[in-house]
Amino acid sequence: MSIKINLLFLKKLKIFGSEQISSCFNCDNCTAVCALSTDKASFPRKVIRLAQLGAEKELNSAIEPWLCTYCGECSATCPRQAYPGEFMMSLRRYIISKYDITGLSSLFYRLPILQNLMALIVFSLSLWVFLGYKGNFEGIASSLEMLFPAFISLIIVAYLVKMYKNTIWDRFKKLYLSFSPSVIKETLIQILKQMSFISCGKVDLWRGGSHLLVVTGYLTTLFISIFHILSPLGKQYVWTSPEGILVFYATFAVLAGGLSMVARRMVKGVPSSMFSKSSDWLFVGMLVLVAGSTLTTYLANILSGPTDPLVEILFKLNLALEMAWIFIVVPFTKWIHIFLRPFAIYLHQTIIQKEPK
Ligand code: SF4
Ligand code: SF4
């Protein structure tokens with residue numbers, strides 16, 4: 001196999017966050033400490049070496065960055081402060097920019113202000129249109145709530161197809177998916193390990209707890225949206241109704257998890273929270289705003305009823321924030337990792353099964 005070398009690649013990778021990896025002198029300490037490293041897989045040094053050579057084709061099809069949990073053990077032991085954990089994170093951002101068919105992801109990493117500006121424009125325009133609309137806003141809201149999951153599903157499928165093409169199709173030149181019980185079982189074990197952040201042997205409760213809250217809260221929000229459970233203009237809610245419990249859990253979990261992530265990034269106490277890109281701040285900031293506005297709308301409905309004009313204004317504000325969130329933030333930030341990571345784990349297990357030992 002011939003590798004096309006590009007010695008300027010590390011410079012390019014800096015846009016995605018890896019500033020210090022050029023100090024790496026290949027001592028292999030990171031591989032020795034990483035729990036994911038095996039006799040056959042030099043993890044994470046293999047991908048560091050590929051990046052140093054600028055082997056873009058191989059990196060575009062690499063699965064290793066998705067297996068890394070960013071526990072930060074490698075960064076803590078690196079004698080050159082090359083921060084290999086952050087390097088893996090930047091590779092995930094780089095790969096996302098390659099998988100994104102719109103090209104916007106790459107543009108946003110190059111010009112972070114543009115993503116913030118576009119989010120602000122989409123929010124302001126939507127709010128202006130919504131506030132000016134004097135008809136039945138309930139109907140518009142329910143159409144948008146059907147559009148959001150459909151749009152997100154399309155985006156996710158586009159990313160997964162690209163990941164499949166780069167990792168399986170380009171490698172084996174044929175369609176291949178494994179449904180063997182051993183592959184499914186190992187995939188589930190690895191996903192659970194990743195979710196609990198225990199693959200490096202040390203449990204980071206703060207990080208694991210924040211992620212668990214955000215993921216479960218967000219999945220509950222998707223459930224609420226897909227089944228049109230939240231309808232603050234057409235229905236009077238009470239504190240203890242089943243929808244109330246769902247909405248309270250979803251917003252509380254996202255708010256608590258999101259604020260905890262913000263605090264973690266501000267404290268910068270561990271390698272995984274030391275470096276933040278503009279898109280990371282936009283992601284958590286918008287997450288907190290969307291959850292906060294949903295909760296406020298719901299509380300206003302409970303306290304003053306669905307016909308109060310304030311409830312309609314709050315609901316319009318909430319939907320305008322969701323427009324910016326769904327169209328400008330979700331497809332181009334680490335939100336998409338929620339779906340890419342489990343699929344990458346499955347593809348990794350499939351490759352292990354298919355390739356000769
Ligand atoms: S520990 Fe640091 S210097 Fe050593 S191989 Fe890993 S990244 Fe490079
Ligand atoms: S951050 Fe943790 S899982 Fe990722 S390469 Fe470093 S030691 Fe391994």
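# Helices and ligand shells in one chain

With 19 C-beta neighbours inside 10 Å, Ser97 counts as partly exposed. A residue is called buried if 20 or more other C-beta atoms lie within 10 Å of its own, exposed if 12 or fewer do, and partly exposed in between, with the C-beta atoms placed from the backbone. The model is predicted, so local features need a pLDDT of at least 70 and side-chain atom pairs count only at pLDDT 80 or more, while totals for chains, interfaces and linings use all residues. Residues are numbered from 1 along each chain as its sequence is written, and chains are lettered from A and ligands numbered from 1 in the order in which they are written.

**The chain as a whole**

The chain has 16 helices and zero strands. Both are DSSP runs numbered from the N terminus: a helix is H or I over at least four residues, and a strand is E over at least two.

How does the radius of gyration of the chain compare with that of a compact globule? A compact globule of 357 residues would have a value near 21 Å, and the chain has 22 Å, which agrees. The radius is taken over C-alpha atoms, and the globule rule is 2.2 Å times the number of residues to the power 0.38. Along its principal axes, the C-alpha trace spans about 65 × 45 × 35 Å. Of the 357 residues, 36% count as buried.

Contacts can also be sorted by distance along the sequence. Two residues are in contact if their C-beta atoms, placed from the backbone, lie within 7 Å. Among contacts between residues at least 6 apart in sequence, 78% join residues at least 24 apart.

**Two ligand shells**

A residue belongs to the surroundings of a ligand if its C-beta atom, placed from the backbone, lies within 6 Å of the ligand. By this rule 13 residues surround ligand 1, and the closest are Cys24, Cys27, Asn29, Cys30 and Cys78. Helices α2 (29–33) and α3 (45–53) each supply at least two residues of this shell. By class, the shell around ligand 1 has eight nonpolar, two polar and three charged residues. Here Ala, Val, Leu, Ile, Met, Phe, Trp, Tyr, Cys and Pro count as nonpolar, Asp, Glu, Lys and Arg as charged, and the others, Gly among them, as polar.

Ligand 2 has 15 residues around it, of which Cys34, Cys68, Cys71, Cys74 and Gly85 come nearest. Helices α6 (73–77) and α7 (84–99) each supply at least two residues of its shell. The largest share, three residues, comes from α7. The shell around ligand 2 has eleven nonpolar, three polar and one charged residues.

**Helix α10**

Helix α10 covers residues 137–172, which makes 36 residues. From its first C-alpha to its last it reaches 51 Å, close to the 52 Å expected at 1.5 Å a residue. The expected span is 1.5 Å times one less than the number of residues. At Lys165 the helix bends by about 40°, the bend being the angle between axes fitted to the seven residues ending there and the seven starting there.

Which residues of α10 are buried? They are Ala141, Phe148, Ile155, Tyr159, Met163, Asn166, Thr167 and Ile168. An α-helix has 3.6 residues a turn, so residues three or four places apart point the same way. After α10 comes Lys173, whose phi is positive, near 55°.

**Single residues in helices and loops**

Most residues other than glycine have a negative phi. Asn26 is not a glycine, yet its phi is positive, about 60°. Asn26 lies in the loop between α1 (9–13) and α2. Gln81, also not a glycine, has a positive phi of about 50° and lies in the loop between α6 and α7.

Ser97 lies in helix α7. Not counting residues up to four places away in sequence, Ser97 touches Ser105, Ser106 and Tyr109. Its C-alpha atom is 28 Å from that of Ile184, 87 residues away along the chain.

Asn116 is found in helix α9 (residues 112–132). Leaving aside neighbours within four places in sequence, Asn116 is in contact with Ser278 and Leu282. The C-alpha atoms of Asn116 and Trp281 are separated by 9.9 Å, although these residues are 165 apart along the chain. Lys134 sits in the loop between α9 and α10. Lys134 and Leu282 are 148 residues apart in sequence and 31 Å apart in space, C-alpha to C-alpha.

The table lists the exposure of some of these residues.

| Residue | Other C-beta atoms within 10 Å | Exposure |
|---|---|---|
| Asn26 | 13 C-beta atoms | partly exposed |
| Gln81 | 9 C-beta atoms | exposed |
| Asn116 | 18 C-beta atoms | partly exposed |
| Lys134 | 6 C-beta atoms | exposed |
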